[in-house]
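User: I'm new to this one and would like to learn how to read it. Could you walk me through a few features?

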Amino acid sequence: MFDNKASCTKFMLLAGLVAGSIFVCSGLTQAAQGNDKSVAAQPTAAASTASPAPKATPPASPVARSQRGAEFIRKRWGIDNIVVRATASGELIRFSYRVVDAEKAALINDKAKSPYLIEEKLGIALQIPQLEKVGQLRQTAKPENGREYWMAFSNKSKLIKPGARVDIVIGSFRINDLVVE
């Protein structure tokens, strides 16, 4: 794939830069917007005086809505800390997770399996973009326990927005009803 060691080094630096910028940008955005989950969950004084909307839906919950659901994902797929977040001004949807059992999580990092992010209401299936000089925007290294991994799906049309419920499918791996942050 690489002609020489310099090309490989350039690729690794570019991949690190892309991964770092996604991580830093999302952290800075949260800090700038004050997206502290404990603060966001508390109603404001103005909200308590306003009349509630009829048949209000409960706020979107993170991946596992219960401890039991999180435990199932941990035991079945060997991952936890699952996050699906819109990044790069909504043009990418980033799926990240932490490996707790490398053997079970190996399927997720398999290069031979094409990952899809599916939004069933709109009938959309997003793929990971294949960049000419960088390759796919996903990590495919052999999983290690305790490490975080990510992949970024192209959302150029920005049809999938924060709050949307999506599924992640990679071969036989499937997690349903994830909420995009």
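Analyst: Sure, we'll take a hairpin, a residue and a core in turn. Keep in mind that this is a predicted model.

User: Let's start with the hairpin. How many bridges join strand β8 to strand β9?

Analyst: For strand pairs, look at the bridges and the direction. Here, β8 (residues 165-170) and β9 (residues 173-179) are joined by five bridges and run antiparallel. One pairing to look for is I170 with its bridge partner F173 in β9. Two residues lie between the strands of this hairpin, and G171 has a positive phi near 60° there.

User: Now D80. Is D80 buried or exposed?

Analyst: The cut-off for buried is under 20% relative accessible area. D80 has 10%, so D80 counts as buried. You'll find D80 in strand β1, which covers residues 79-87.

User: What does the side chain of D80 make a polar contact with?

Analyst: With the side chain of R98, at 2.8 Å. Setting aside neighbours within four places in sequence, D80 is in contact with R74, Y97, R98 and V100.

User: And the largest nonpolar core: which residues have the most contacts inside it?

Analyst: That core has 32 residues, and the ones with the most contacts inside it are I79, F95, Y97, L117, F153, I160 and F173. Several elements each supply at least two residues of this core, including α4 (67-77), β1, β2 (92-99), β8 and β9.

User: What does I79 touch?

Analyst: Not counting residues up to four places away in sequence, the residues I79 touches include Y97, R98, V100 and F173. You've met F173 already, as the bridge partner of I170.

Technical notes: Residues are numbered from 1 along each chain as its sequence is written. This is a predicted model: local features need pLDDT of at least 70, side-chain atom pairs count only at pLDDT 80 or more; totals for chains, interfaces and linings use all residues. Side-chain values use heavy atoms; hydrogens and water are left out. Two strands pair if DSSP finds at least two bridges between them. Helices (H or I, at least four residues) and strands (E, at least two) are DSSP runs, numbered from the N terminus. Buried means under 20% relative accessible area, exposed over 50%, partly exposed in between (1.4 Å probe, protein chains only). A polar contact is a pair of N or O atoms within 3.5 Å; within protein, one must be able to donate a hydrogen and the other to accept it, and residues adjacent in sequence count only if both atoms are side-chain atoms. Contact means heavy atoms within 4.5 Å. A nonpolar core is a set of buried Ala, Val, Leu, Ile, Met, Phe, Trp, Tyr and Cys residues joined through side-chain atoms within 4.5 Å.
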